[in-house]
Amino acid sequence: MSTVHKITAASASAAASFGGSRVNLCYQCMTCTLGCPAAGRMEIHPHAIMRKIQLGEVQELLVSSAIWKCLGCETCYSRCPNEINIPSAIDELKHAAMSSGKAKSISAAFHNIFLGGIKKNGLLFELGLMLRLKIAMKDFFSDTFLGALMIMKGKLSLRPHSLRESGAMKKIFEKSGAGTN
Ligand code: SF4
Ligand code: SF4
């Protein structure tokens, strides 16, 4: 037996300003999904994410990995006939997933570790990112030969590089509220 999903007054009101976007205007034309370069890797496509927000089914989105596959490229936003800022709505979901502790996917872990590294050093430290991601994934041995080869060829630095003005980057993070570690 199929379940009937309904938009309630509360979910419609929340969708009207979700992430500063007018998600309530979405009429499911799928133009966003058809142009999205990441849609093939999302288990819930951009148009379906908009629909779930309209229906108030946000909790399901917070635990999904789909929101972490969004590249923030804004292709969908530029194509949407209703000018709905889809990446902004997805960013709102990412923030909510992080602050509620519901971001469990490996994509979320990557996002968190990546931002934490940029916040700390101002520049990406690839080796540190890889090691922390491996610990998060509990995958300690895959690609170790490749990693060693890259270090030997000087493609991976053993020490992080820092911006001369690394304090400026920290201030940007503080102002935006981004980065959790
Ligand atoms: S392009 Fe805009 S209106 Fe169409 S499905 Fe996507 S968000 Fe909704
Ligand atoms: S911003 Fe995200 S959802 Fe929109 S097209 Fe780019 S990857 Fe897809």
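This report walks through the overall build of one chain and the surroundings of its two ligands, using a predicted model.

## The chain as a whole

Let's begin with the big picture. The chain has eleven helices and zero strands, so a walk from the N terminus on meets α elements in the order α-α-α-α-α-α-α-α-α-α-α. Its C-alpha atoms fill a box of roughly 55 × 40 × 30 Å, taken along the principal axes.

How much of the chain is buried? Of its 181 residues, 24% are buried. Contacts tell another part of the story: among those between residues at least 6 apart in sequence, 67% join residues at least 24 apart.

## Two domains

The chain splits into domain 1, covering 9-99, and domain 2, covering 106-176. Between the C-alpha centres of domain 1 and domain 2 there are 28 Å.

## Around ligand 1

Now for the ligands. Ligand 1 has 14 residues around it, and those that come nearest are Cys26, Cys29, Cys32, His47 and Cys80. The elements giving two or more residues to this shell are α2 (31-35) and α3 (46-55).

What kinds of residues make up the shell around ligand 1? Ten are nonpolar, four are polar and none is charged.

## Around ligand 2

Ligand 2 is surrounded by 13 residues, of which Cys36, Cys70, Cys73, Cys76 and Pro87 come nearest. Here α6 (75-79) and α7 (86-99) each supply at least two residues of the shell.

By type, the shell around ligand 2 contains ten nonpolar residues, two polar ones and one charged.

Definitions and conventions: Residues numbered from 1 in each chain as written. Chains lettered and ligands numbered in written order. Predicted model: local features only at pLDDT ≥ 70, side-chain atom pairs only at ≥ 80, totals over all residues. Near = placed C-beta within 6 Å. Helix = DSSP H or I, 4+ residues; strand = E, 2+ residues; numbered from the N terminus. Nonpolar A, V, L, I, M, F, W, Y, C, P; charged D, E, K, R; others polar. Domains from an automatic or database assignment. Buried ≥ 20, exposed ≤ 12 C-beta atoms within 10 Å, placed from the backbone. Contact = placed C-beta atoms within 7 Å.
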